[in-house]
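Colleague: Could you walk me through this one? I have a handful of short questions, and I may jump around a bit.

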Amino acid sequence: MMASFGGYITQYGYGALFGLFFLGILGMPLPEETLLVFSGFLVSTGKLEYWPTFFVCFLGSVTAMTAAYWIGRTLGFPFLERYGKRMGMGYTVYKKTEDWFNRVGKWALPVGYFIPGVRQFTAYFAGITRLPFPTFMLYTYAGGLFWSLLFVTLGWQLGDRWDDVFDLISRNLAIFFLAVLAVIAIWSYIRHKQNAARKPKREESQ
């Protein structure tokens, strides 16, 4: 697979790299992390330049995330608001998840980059839940910057060894960031419960 991608990137250059990341983030089944590291490997061989490679990978990913956000906001949100109440309990769960996402779930945007299968959905859901766009940009673009820089640099530094080491690194990173996301979710739940418990006491004191 990487041989075919390598030939494609070599033939069509940075435009091909941008297109692959754009389509992968939007939902096409492509191994984005592997592509990032492989692009770094191509930098080590002299077929690509480091900074243009990093910039194109970053730009492709955040452009796709931005497109997914607006798809969720302009199509997903009106659909759920119009037809969601017919879902019964499902709509209630959606509204609670909307509240959670706007309070804490925004952290899933940068963290989700490192969890395969998660990053493709966070931007859509951010749009559906109407997370303010400046907030979306801050968390998403910061996560995309770190994600692109880390994996392109790994491929560049590992060189010919990238294929041997990458699976171990990416798997451990995914486990680590899943744990981070779980801690954020638990912390959010505990704080929400504490605030809910304090509210009646404040009302009684008034």
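Colleague: What sort of phi does Arg 130 take, just after H7?
Modeller: Bearing in mind that this is a predicted model, Arg 130 takes a positive phi of about 60°, at a position just after H7.

Colleague: And H7 itself, which of its residues are buried?
Modeller: The buried ones are Arg 119, Gln 120, Thr 122, Ala 123, Ala 126, Gly 127 and Ile 128. That makes seven of the ten residues in the helix, which spans residues 119–128, and H7 is accordingly described as mostly covered.

Colleague: Back to Arg 130 for a second: how far apart in space are Thr 74 and Arg 130, C-alpha to C-alpha?
Modeller: They are 9.6 Å apart by that measure, although 56 residues separate them in sequence. Thr 74 belongs to helix H4, which covers residues 50–83, and with a relative accessible area of 48% it is partly exposed.

Colleague: Changing topic, how many aromatic pairs does the structure hold?
Modeller: There are 17 aromatic pairs. One of them joins Phe 18 and Phe 22, a stacked pair whose rings are 6.1 Å apart centre to centre, with 15° between the planes.

Colleague: Why are Phe 18 and Phe 22 about one helical turn apart?
Modeller: Because both sit in helix H2, residues 14–26, and are four residues apart there, they are separated by about one helical turn. As a general point, an α-helix has 3.6 residues a turn, so residues three or four places apart point the same way.

Colleague: Are those two buried or exposed?
Modeller: Neither label fits, since Phe 18 is partly exposed at a relative accessible area of 27%, and Phe 22 is also partly exposed, with a value of 22%.

Colleague: What about Phe 133 and Phe 136, how are their rings arranged?
Modeller: That pair is stacked, because the ring centres are 5.9 Å apart and the planes lie at 20°, where an angle under 30 degrees is what counts as stacked. Phe 133 and Phe 136 are three residues apart in helix H8, residues 133–158, and so about one helical turn separates them. Their surroundings are not alike, for Phe 133 is partly exposed at 22% relative accessibility, whereas Phe 136 is buried at 0%.

Colleague: Which residues do ring pairs link into a cluster?
Modeller: The cluster is made up of Tyr 50, Trp 51, Phe 54, Phe 58 and Trp 156, linked through ring pairs.

Colleague: While we are on H8, what does Thr 140 touch?
Modeller: Leaving aside residues up to four places away in sequence, Thr 140 touches Met 65, Leu 109 and Tyr 113. Thr 140 is found in H8, and it is buried, with a relative accessible area of 0%.

Colleague: Last topic, helix packing: at what angle do H2 and H3 pack?
Modeller: The angle is about 160°, with the axes of H2 and H3, the latter being residues 32–44, lying 10 Å apart. Angles over 145 degrees count as roughly antiparallel, and the two helices are therefore roughly antiparallel to each other. The crossing of H2 past H3 is left-handed.

Colleague: Which residues make the contact?
Modeller: From H2 the contact is made by Leu 17, Leu 20, Phe 21, Gly 24 and Ile 25, and from H3 by Glu 32, Leu 35, Leu 36 and Ser 39. By type, the residues of this contact between H2 and H3 divide into six nonpolar, two polar and one charged.

Notes
Residues are numbered from 1 along each chain as its sequence is written. This is a predicted model: local features need pLDDT of at least 70, side-chain atom pairs count only at pLDDT 80 or more; totals for chains, interfaces and linings use all residues. Side-chain values use heavy atoms; hydrogens and water are left out. Buried means under 20% relative accessible area, exposed over 50%, partly exposed in between (1.4 Å probe, protein chains only). Rings of Phe, Tyr and Trp (its six-membered ring) pair if their centres lie within 6.5 Å; planes under 30 degrees apart count as stacked, over 60 as edge-to-face and the rest as tilted. Axes are lines fitted to C-alpha atoms, for helices over the stretch in contact, and angles run from 0 to 180 degrees between N-to-C directions. Angles under 35 degrees count as roughly parallel, over 145 as roughly antiparallel, 65 to 115 as roughly perpendicular and the rest as oblique. A crossing is left-handed if the near helix is turned anticlockwise from the far one by less than a right angle, and right-handed if clockwise. Contact means heavy atoms within 4.5 Å. Ala, Val, Leu, Ile, Met, Phe, Trp, Tyr, Cys and Pro count as nonpolar, Asp, Glu, Lys and Arg as charged, and the others, Gly among them, as polar.
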